[in-house]
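Please open the model in a viewer and keep the sequence panel visible. The tour below proceeds by selection, one stop after another.

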Amino acid sequence: MEQRTTRTRLRSGDPAAFSELFDEHAQAIYRYAARTTGDWTAADDVVSLTFLEAWRLRGQLKPEGDGVGPWLFGIATNVMRNRARAARRHRAALSRLPDRDPVPDFADEVVGRFEDAEKLAAARAALARLSDTDREIITLCVWAGLDYAGTAEALGIPVGTVRSRLSRARTRLRELTETTMHRTFQGEKR
């Protein structure tokens, strides 16, 4: 089916078009959210909120253009930004409460049993040291697999800006990785 027709159907609120949209893009949005948040449950929430927002914002989808993936990734990026902002506010509110006896959290122990947990944690740790802008560029281009134009559309910035930020982010990530590896190696020698 032609993209313009799909966009028109989506803009008009056609439930079948949204079902097709979900079937085609939900897994990619889930993988992007899981890698970005490092939390499979949060990724489920991001997918739900992304498609809820897509429905709410369907009238803002441009009638012309290629695939709608970049539009969805842009919505997912904003959903994660909003979740992170809400989490910071929640932590700030909790920090003002008096201390209580800690309750053991077994979630980390369960997640630790998955083989990919360590790799995901290491990648997130390196990414966490990047600026928010660099991290978004890396996750959209590398993890979500968007091209420069798709990333530019998702973030609402020019393609040239995506190219320069991605180059800078890759250089910074390489430096952080080398520093971490050097520290690890030095620790093993002692």
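Begin with the whole chain, coloured by solvent accessibility: of the 190 residues in this predicted model, 33% are buried. Switch to a cartoon view, and 9 helices and 0 strands appear. Read along the sequence, the pattern is therefore α-α-α-α-α-α-α-α-α, given that helices and strands are taken as DSSP runs. With the chain still selected, consider the contacts between residues with a separation of 6 or more: 66% of them join residues 24 or more positions apart.

Next, colour the chain by pLDDT. The mean for the protein is 83, and 79% of the residues reach 70 or more. Which element has the lowest mean pLDDT, and which the highest? Helix H5, residues 107-111, has the lowest at 55, while H3 has the highest at 95.

**Stop 1: helix H4**

Select residues 69-95. This is helix H4, with 27 residues. A distance drawn from its first C-alpha to its last gives 38 Å, close to the 39 Å expected at 1.5 Å a residue.

Now display the side chains of its buried residues. These are Gly69, Pro70, Trp71, Leu72, Phe73, Gly74, Ile75, Ala76, Thr77, Val79 and Met80. Against which helices do the buried residues of H4 pack? Their partners are helix H2 (15-37), helix H3 (40-56), helix H7 (132-143) and helix H8 (148-155). Three of the following stops visit residues on partner helices.

**Stop 2: alanine 43 on helix H3**

Select alanine 43, which is placed in helix H3. Is this residue buried or exposed? Its relative accessibility is 0%, so alanine 43 counts as buried. Leaving out residues up to four places away in sequence, alanine 43 touches Tyr30, Ala33, Ala34 and Thr37. Add alanine 33 to the selection and draw the C-alpha to C-alpha distance: the two alanines are 10 residues apart in sequence and 4.8 Å apart in space.

**Stop 3: glutamate 136 on helix H7**

Move to glutamate 136, in helix H7. Glutamate 136 is buried because its relative accessible area of 16% falls under the 20% cut-off. Show its surroundings, again without residues up to four places away in sequence, and Thr77, Arg81 and Leu155 are found touching glutamate 136. Thr77 has already been displayed, as one of the buried residues of H4.

**Stop 4: threonine 151 and tyrosine 148 on helix H8**

Select threonine 151, which lies in helix H8. With 0% relative accessibility, threonine 151 counts as buried. Beyond four places in sequence, its contacts are Ile137, Leu140, Cys141, Leu146 and Val162.

Tyrosine 148 also lies in helix H8. How much of tyrosine 148 is accessible? Its relative accessible area is 30%, so tyrosine 148 is partly exposed, the range between 20% and 50%. Once its neighbours within four places in sequence are set aside, tyrosine 148 is in contact with Val159, Val162, Arg163 and Leu166. Val162 thus appears among the contacts listed for tyrosine 148 and among those for threonine 151. For a further distance, select isoleucine 137 with tyrosine 148: the pair is 11 residues apart in sequence and 9.3 Å apart, C-alpha to C-alpha.

**Stop 5: the largest pocket**

Turn on a pocket display. The largest pocket has a volume of about 620 Å³. Of the 19 residues lining the largest pocket, those closest to its centre are Thr36, Met80, Arg81, Ala84 and Arg135. H2, H4, helix H6 (115-128) and H7 each supply at least two lining residues. H4 provides the largest share, 9 residues. Coloured by class, the lining shows 6 nonpolar, 3 polar and 10 charged residues.

**Stop 6: the second largest pocket**

Finally, select the second largest pocket, with a volume of about 410 Å³. Its lining comprises 19 residues, and Arg7, Pro70, Trp71, Glu153 and Ala154 lie nearest its centre. Which helices each supply at least two residues of this lining? They are H4 and H8, with H4 giving the most, 5 residues. By class, the lining of the second largest pocket divides into 7 nonpolar, 6 polar and 6 charged residues.

Notes: Residues are numbered from 1 along each chain as its sequence is written. This is a predicted model: local features need pLDDT of at least 70, side-chain atom pairs count only at pLDDT 80 or more; totals for chains, interfaces and linings use all residues. Side-chain values use heavy atoms; hydrogens and water are left out. Helices (H or I, at least four residues) and strands (E, at least two) are DSSP runs, numbered from the N terminus. The expected span of a helix is 1.5 Å times one less than its number of residues. Buried means under 20% relative accessible area, exposed over 50%, partly exposed in between (1.4 Å probe, protein chains only). Contact means heavy atoms within 4.5 Å. On a 1 Å grid over the protein atoms alone, a cavity is a set of points where a 1.4 Å probe fits but cannot get out, and a pocket is an open set with protein on both sides within 12 Å along at least five of seven lines; lining residues have an atom within 4 Å of a point. Grid points are joined across faces, edges and corners, and a volume is the space filled by probe spheres set on the points. Ala, Val, Leu, Ile, Met, Phe, Trp, Tyr, Cys and Pro count as nonpolar, Asp, Glu, Lys and Arg as charged, and the others, Gly among them, as polar. pLDDT is the predictor's confidence in each residue, from 0 to 100.
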